[in-house]
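Colleague: I would like to learn how to read a model like this one. Could we go through it feature by feature?

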Amino acid sequence: MLRNRGVRSLDTAWIRGLAGGGVLACVAAIVLVGWLHSTGPGAARHRPRPAATAGRAPGRAAGQASGQAAMWREWRSFPGYHDVVPVIMYHSIGGRPSYLTTSRAQFAEQMRALKLGGFHTLTIRQYAAYVHGDLRGLPERPTLITFDDGRQDAYLAASGILRSYGFHATEFAVPGWVVHNPGFSVSWAELEQMHRGTTWDAESHFGYGPEKVPVSNTGATEARFAYLRYLPAVPGRHRGHPGHLETFAQFQKAFTGNELYGIQQFRAHLPGFQPLATAIPGSNYGQDGTNDRRIPRYVLSWLDRHFSVVFGGDYLNQGKSRLLQIPGRFSPRLSYRMSMGPKDTLQAFHCRLSGFVRHVPISAERRCLPR
């Protein structure tokens with residue numbers, strides 16, 4: 001009931017205003033001025049276009065208004081649920097146009113839709129409890145909003161919108177990027193504001209470096225936590241060391257060192273920080289391809305031991321050829337997410353959320369995506 005009160009009170013006030021005598025007097029004055037204007041010397045310049053031309057725009061406008069009204073009614077009547085938690089993933093908000101960038105207006109519209117639909121956003125601690133089987137603290141229509149990469153444009157654009165609706169979100173930032181990519185990444189001061197405030201949770205995405213590494217002497221690159229890295233030849237005496245893939249032991253050391261660096265940096269800069277969640281960079285732990293089949297099991301097992309929640313990519317991005325992928329929309333070992341981008345309309349957003357909470361087959365939910 002509370003989510004509709006503002007809209008209803010606005011409509012009621014407007015209707016009461018129309019019933020007042022002051023408005024009726026204004027209408028009469030406008031009619032009189034219009035009649036004088038239509039009969040004056042410049043009337044010919046201001047006469048309306050022929051009906052055949054003028055009738056098109058009002059028709060389109062009326063159709064659009066009717067479609068928007070129907071769309072908002074659909075959000076207001078979103079079915080209730082409380083036993084599942086859809087997770088939404090954003091990257092950039094209002095930044096440089098790309099497949100990862102959602103406009104500020106689009107994000108605001110999506111948050112308004114969630115508010116009208118009666119959704120309640122969770123903290124990362126609440127979501128961690130849900131992952132481990134505790135549903136007692138879940139509100140009606142729970143959802144989790146996440147942001148990857150610690151992008152400053154998303155933090156600046158989204159904060160006010162989230163606060164205006166009383167929503168909460170979780171940011172996954174990269175400590176190495178905080179230092180080496182100012183302007184792209186949020187600063188430590190901004191992460192501390194998130195950590196101390198009530199709108200955001202801040203968690204580690206990973207520690208440092210790019211999300212891809214070379215995997216052959218051709219320069220080809222792949223996901224850094226899914227492939228053994230190619231080490232180029234080192235010139236020197238007696239032919240030096242030829243180029244080769246790192247060993248699995250070297251991969252383990254590099255992977256764990258990277259993740260532990262991220263945790264260490266968060267603890268050093270954010271007093272009282274305790275790591276609860278992480279998001280796999282590139283959403284690839286080896287299920288999408290690897291050059292060592294030991295990697296997927298090792299990466300997920302290590303992350304599960306060090307974090308209460310591990311996030312992956314979009315569950316619609318699954319295929320039969322990915323034999324190492326955890327199937328479905330959710331697993332206690334891996335939480336999949338809905339990836340949002342510039343092409344995700346409100347209709348598609350509603351369709352996906354509805355499909356998630358109604359447990360429709362994933363193949364059916366794929367039809368929600370814009371073609």
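The dialogue below goes from the whole chain to a pocket, two helices and a few single residues.

Modeller: Keep in mind that this is a predicted model. The values we discuss are computed from it.

Colleague: How many helices and strands are there in the chain?

Modeller: The chain has 14 helices and 15 strands.

Colleague: What share of the residues counts as buried?

Modeller: A residue is called buried when its relative accessible area is under 20%. Of the 371 residues here, 44% meet that criterion. The chain exposes about 19,800 Å², and 57% of that comes from carbon and sulfur atoms.

Colleague: What do the contacts say about sequence separation?

Modeller: Take the contacts in the chain with a separation of 6 or more: 70% of them join residues 24 or more positions apart.

Colleague: Next, the pocket. How much space lies in the largest pocket, and which residues are closest to its centre?

Modeller: The largest pocket holds about 1,000 Å³ of space. Its lining consists of 41 residues, and those closest to the centre are Tyr-99, Leu-100, Gly-282, Ser-283 and Ser-339. Sorted by class, the lining has 17 nonpolar, 12 polar and 12 charged residues.

Colleague: Which strands each supply at least two residues of that lining?

Modeller: Strand 5 (142-149), strand 9 (221-223), strand 13 (309-314) and strand 15 (334-339) each do.

Colleague: Now the helices. How far apart are the end C-alpha atoms of helix 12?

Modeller: The check is to compare the distance between the ends with an expected span, taken at 1.5 Å a residue. Helix 12 covers residues 295-306, and its 12 residues should span 16 Å; the end C-alpha atoms are 17 Å apart, which agrees.

Colleague: Which residues of helix 12 are buried, and what covers them?

Modeller: The buried ones are Ile-295, Pro-296, Tyr-298, Val-299, Leu-300, Trp-302 and Leu-303. Their cover includes helix 11 (248-269), strand 12 (277-279), strand 13 and strand 15. Strands 13 and 15 also appear in the lining of the largest pocket.

Colleague: Why is helix 13 said to be largely enclosed by the rest of the structure?

Modeller: Helix 13 is largely enclosed because 10 of its 12 residues are buried. Among them are Leu-346, Phe-349, His-350, Arg-352, Phe-356 and Val-357. For helix 13, residues 346-357, the expected span is 16 Å and the end C-alpha atoms are 17 Å apart, which agrees.

Colleague: Let us take one residue from that helix. Why does His-350 count as buried, and which residues does it touch?

Modeller: His-350 counts as buried because its relative accessibility is 10%, and the cut-off is under 20%. Leaving out residues up to four places away in sequence, His-350 touches Glu-74, Trp-75 and Phe-78. His-350 also lies 8.6 Å from Ala-113, C-alpha to C-alpha, although the two are 237 residues apart in sequence.

Colleague: Last, backbone angles. Where are Arg-141 and His-359 found?

Modeller: Look here for a positive phi in a residue other than glycine. Arg-141 has a phi near 50° and sits in the loop between helix 7 (124-131) and strand 5. With a relative accessibility of 12%, Arg-141 counts as buried. The phi of His-359 is near 60°; this residue is in the loop between helix 13 and helix 14 (362-365).

Definitions and conventions:
Residues are numbered from 1 along each chain as its sequence is written. This is a predicted model: local features need pLDDT of at least 70, side-chain atom pairs count only at pLDDT 80 or more; totals for chains, interfaces and linings use all residues. Side-chain values use heavy atoms; hydrogens and water are left out. Helices (H or I, at least four residues) and strands (E, at least two) are DSSP runs, numbered from the N terminus. Buried means under 20% relative accessible area, exposed over 50%, partly exposed in between (1.4 Å probe, protein chains only). Contact means heavy atoms within 4.5 Å. Accessible areas come from the Shrake-Rupley method with a 1.4 Å probe; for residues, only the protein chains shown count as cover. On a 1 Å grid over the protein atoms alone, a cavity is a set of points where a 1.4 Å probe fits but cannot get out, and a pocket is an open set with protein on both sides within 12 Å along at least five of seven lines; lining residues have an atom within 4 Å of a point. Grid points are joined across faces, edges and corners, and a volume is the space filled by probe spheres set on the points. Ala, Val, Leu, Ile, Met, Phe, Trp, Tyr, Cys and Pro count as nonpolar, Asp, Glu, Lys and Arg as charged, and the others, Gly among them, as polar. The expected span of a helix is 1.5 Å times one less than its number of residues.
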